[in-house]
Amino acid sequence: MAVAVTAVRATLAATLANAPVYSVFSFPPPVILANSVIVVPADMYLEPQNNSRSTINCMAHFKILCVVPYLDNQGNLSNIEEFMVSVFTLLAASSLVYNIGSFSGPTMLDAPSGQMLTTDITCSILTTWS
């Protein structure tokens with residue numbers, strides 16, 4: 001299912017919803033919260049696609065950022081791994097046309113809300129212009 005480029009971020013965030021486990025944001029929040037998944041535009045955000053030569057679609061590129069509190073390495077590494085599995089599982093169950101990359105190694109983020117353990121993955125979704 002191709003989604004309009006104006007709605008693809010919200011559609012991706014809704015696909016990743018897992019309310020009892022983490023909060024999902026379809027935009028970078030003003031304060032990064034622990035136990036959240038954040039959908040942000042990747043560096044190459046919108047890429048025209050004209051493979052069929054008769055129409056030009058759009059590929060939207062995102063980073064999906066998983067964030068857990070940085071308390072102890074063992075427990076939070078397990079939490080972030082559960083987030084990774086959840087992201088893969090929810091994307092696989094969706095009807096989106098996507099390409100997915102690999103998760104980065106977990107890193108520490110020193111945010112105003114506290115220290116966080118984060119990982120991200122790239123996700124590209126075939127969209128339409130309208």
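These are my notebook entries on what I looked up in this structure, which is a predicted model.

**Entry on the cores**

I began with the interior, and I found that the largest nonpolar core holds 24 residues, among which Leu-12, Leu-16, Ile-64 and Val-87 touch the most other members. I then asked which elements supply at least two residues of this core each, and I noted α1 (8–15), β3 (36–49), β4 (57–69), α2 (73–92) and β7 (114–128). I also wrote down a second, separate core of six residues, which includes Val-40, Leu-65, Val-67 and Met-116.

I looked up the surroundings of Ile-64, leaving aside its neighbours within four places in sequence, and I found contacts with Leu-12, Leu-16, Val-37, Ile-38, Val-87, Leu-91, Thr-119, Asp-120, Ile-121 and Cys-123.

**Entry on Val-40**

I turned next to Val-40, one of the residues of the second core, and I located Val-40 in strand β3. Is Val-40 buried or exposed? Its relative accessibility is 19%, and the cut-off for buried is under 20%, so Val-40 counts as buried. Not counting residues up to four places away in sequence, Val-40 touches Pro-28, Phe-62 and Lys-63. I also noted that Val-40 and Arg-9 are 31 residues apart in sequence, while their C-alpha atoms are 8.0 Å apart in space.

**Entry on helix α2**

I looked at two residues of helix α2, namely Ser-86 and Glu-82. Ser-86 has a relative accessible area of 11%, so I recorded Ser-86 as buried. Which residues does Ser-86 touch, if those up to four places away in sequence are not counted? I found Asn-18 and Tyr-22, and with Tyr-22 there is also a polar contact of 3.0 Å that joins the two side chains.

For Glu-82 I read a relative accessibility of 51%, and because exposed means over 50%, Glu-82 counts as exposed. I added that Glu-82 and Val-21 are 61 residues apart in sequence and 9.3 Å apart in space, from C-alpha to C-alpha.

**Entry on the loop between β2 and β3**

I went on to the loop between β2 (23–25) and β3, where I found Asn-35 and also Ile-32. The phi of Asn-35 is near 55°, which is a positive value in a residue other than glycine. I had looked this up because most residues other than glycine have a negative phi. Asn-35 is partly exposed, at 32% relative accessibility.

Ile-32 is partly exposed as well, with a relative accessible area of 22%. Leaving aside its neighbours within four places in sequence, I listed Ile-38, Val-67, Leu-109, Ser-113 and Met-116 as the contacts of Ile-32, and I remembered Val-67 and Met-116 from the second core. How many residues apart in sequence are Ile-32 and Gly-114? I noted 82 residues in sequence, with a C-alpha to C-alpha distance of 8.9 Å in space.

**Entry on Ile-100**

I placed Ile-100 in strand β5, which covers residues 98–100, and I recorded Ile-100 as partly exposed at 31% relative accessibility. Not counting residues up to four places away in sequence, Ile-100 touches Phe-88, Leu-91, Ile-121 and Thr-122. Among these, I recognised Leu-91 and Ile-121 from the contacts of Ile-64. I then looked up Ile-100 and Lys-63, which are 37 residues apart in sequence and 9.8 Å apart in space, C-alpha to C-alpha.

**Entry on a surface patch**

I finished at the surface, where Leu-46, Ile-56 and Trp-129 form a nonpolar patch that has about 290 Å² of accessible area together. Where is Trp-129 placed? I found Trp-129 in the segment after β7, and with a relative accessible area of 43% I wrote Trp-129 down as partly exposed.

Conventions. Residues numbered from 1 in each chain as written. Predicted model: local features only at pLDDT ≥ 70, side-chain atom pairs only at ≥ 80, totals over all residues. Heavy atoms only, no water. Core = buried A, V, L, I, M, F, W, Y, C linked by side-chain atoms within 4.5 Å. Buried < 20%, exposed > 50% of the residue type's maximum accessible area, 1.4 Å probe, protein only. Helix = DSSP H or I, 4+ residues; strand = E, 2+ residues; numbered from the N terminus. Contact = heavy atoms within 4.5 Å. Patch = residues over 30% accessible without salt bridge, like charges linked within 9 Å, V, L, I, M, F, W, Y side chains within 5 Å. Areas by Shrake-Rupley, 256 points an atom, 1.4 Å probe, with all protein chains shown as cover. Salt bridge = Lys/Arg side-chain N within 4 Å of Asp/Glu carboxyl O. Polar contact = N/O pair within 3.5 Å; in protein donor to acceptor, adjacent residues only side chain to side chain.
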